[in-house]
Amino acid sequence: MKKLAILLLLASISYSCKTESKREKKVEKPAQSDWIVLFDGSSLEGWRAYNGSELPPGWVIQEGVLTFDTEKRLEADYKGGKDIIYGLEEFDNFELYLEWKLPEGGNSGVFYHLKEGYGSPAEVAPEYQLIDDVNYGRIHDLTAYNTSLGYPNPEELQPLQQTASDYAMYAANPEKKVLHPIGSWNTTKIMFTPNKVEYWLNGEKVLSFVPWSEDWKQRKNVGKWKDFPDYGKFKTGYIGFQDHDSPIGFRNIKIRKL
């Protein structure tokens, strides 16, 4: 009887060790990532001009950063547009993450649901605005442009034109916005579903809205986009970056489908 008890105890210990070993192996197994890397710091594969087949001059990799170099742009004899897209795949519902930095007075933007065949991406695609909120209005004369849109204090950069706003549609919450100093890296996240869009800046959600809602349609039909019938209507499209004759840097660009 004593021998039987010892044998049962040894069998129990052996089974416990095997079970624990299986658990450890299961924990250690890395989960497959569902992120799609759009730019890894070493290759420009997939990137090309909007309405074009090649990458416009000026868009280069510098120290692992996707950079728009205005000096290189001026060196080339190029007649096409300089906005770019990731042209390997269109996306509908997604989470997009990227890091970016601007110089003083810089200006750019992130487009999504972008379709080709238009005069510019802005005619058709929503834009997460990237701009130097502090200095842009001081360096650039906005008066004539903002007067044409009926903005008050037209000499100033308007809330709908500032960083992390849905350009000319929804303004980012200024109480939630934290912009890092000019020349420093910022993080952006865009989450898009038909039920809600979220714009994030440096880890804070600064804007949310419902696409194609009655509120969205009203803003579209009375504002800057009232004469652009196809603005924002597409439910899938390319990711794109805006050339605004400004140096800019992007890195760690990735997207996952929702």
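**The cavity, the pocket and strand β8**

Student: How do the residues lining the largest cavity divide into nonpolar, polar and charged?

Tutor: In this predicted model, the lining of the largest cavity divides into 7 nonpolar residues, 1 polar and 1 charged.

Student: Which residues line the largest cavity?

Tutor: The lining consists of Tyr112, Pro126, Asp166, Phe192, Phe209, Pro211, Trp212, Trp216 and Gly232. With Asp, Glu, Lys and Arg counted as charged and Gly counted among the polar residues, Asp166 is the charged member of this lining and Gly232 the polar one.

Student: And how much space lies in there?

Tutor: The largest cavity holds about 60 Å³ of space, and the structure has 1 cavity of 30 Å³ or more.

Student: What about pockets, then: what volume does the largest one have, and which residues lie nearest its centre?

Tutor: The volume of the largest pocket is about 300 Å³. Its lining takes in 18 residues, and those nearest the centre are Asn107, Tyr145, Tyr167, Lys224 and His244. By class, the lining of this pocket comprises 9 nonpolar, 5 polar and 4 charged residues.

Student: Which element gives the most to that lining?

Tutor: That is β8, which contributes 3 residues to the lining of the largest pocket.

Student: OK, let's stay with β8. Is it enclosed or open, and why?

Tutor: Strand β8 spans residues 127-131, and because 5 of its 5 residues are buried, it is largely enclosed by the rest of the structure. Buried here means under 20% relative accessible area. The cover extends to both faces of the strand, with Glu127, Gln129 and Ile131 buried on one side and Tyr128 and Leu130 buried on the other.

Student: Where does β8 sit in its sheet?

Tutor: It belongs to an open sheet of 5 strands, paired in the antiparallel sense, whose order is β2-β5-β12-β7-β8. In that sheet β8 and β2 (47-49) stand at the edges with a single partner strand each, so one side of each strand has no neighbour in the sheet. On average, neighbouring strands of the sheet are turned by 25° against each other, direction ignored.

Student: How many bridges join β7 to β8?

Tutor: Strand β7, residues 107-114, runs antiparallel to β8 and is joined to it by 5 bridges. Within this pair, valine 110 of the neighbouring strand stands opposite tyrosine 128 of β8.

Student: And at the other edge, how do β2 and β5 pair?

Tutor: β2 pairs with strand β5, residues 84-91, over 3 bridges and in the antiparallel sense. Here tryptophan 47 stands opposite tyrosine 86 of β5.

Student: Switching to loops: where is asparagine 51, and what is its phi?

Tutor: Asparagine 51 lies in the loop that connects β2 to β3 (59-62). Its phi is near 65°, which is a positive value in a residue other than glycine. At 44% relative accessibility, asparagine 51 counts as partly exposed.

Student: Where else does a positive phi turn up in a residue other than glycine?

Tutor: Aspartate 245 is one such residue, with phi near 55°, and its place is the loop between β12 (237-241) and β13 (248-257). Aspartate 245 has a relative accessible area of 52% and is therefore exposed, given that exposed means over 50%.

Student: Which residue takes a positive phi in the hairpin of β10 and β11?

Tutor: That residue is asparagine 202, with phi near 50°, in a hairpin that has 2 residues between its strands. The strands themselves, β10 (residues 197-201) and β11 (residues 204-209), are antiparallel and joined by 5 bridges, and one of the pairings sets glutamate 198 against serine 208 in β11.

Student: Back to β8 for a second: which residue is found in the loop that follows it, before α3?

Tutor: Valine 134 is found in that loop, between β8 and α3 (136-139), and its 70% relative accessibility makes valine 134 exposed. Its C-alpha is 9.9 Å from that of leucine 179, although the two residues are 45 apart in sequence.

Student: To finish, how many helices and strands are there in the protein?

Tutor: The protein has 5 helices and 13 strands, and 43% of its 258 residues are buried. Among its contacts with a separation of 6 or more, 68% come from residues 24 or more positions apart.

Terms used. Residues numbered from 1 in each chain as written. Predicted model: local features only at pLDDT ≥ 70, side-chain atom pairs only at ≥ 80, totals over all residues. Heavy atoms only, no water. Buried < 20%, exposed > 50% of the residue type's maximum accessible area, 1.4 Å probe, protein only. Helix = DSSP H or I, 4+ residues; strand = E, 2+ residues; numbered from the N terminus. Pairing = 2+ DSSP bridges. 1 Å grid on protein atoms, 1.4 Å probe; cavity = no way out; pocket = protein on both sides within 12 Å on 5 of 7 lines; lining within 4 Å. Points joined across faces, edges and corners; volume = space filled by probe spheres on them. Axes fitted to C-alpha atoms, helices over the stretch in contact; angles between N-to-C directions. Contact = heavy atoms within 4.5 Å.
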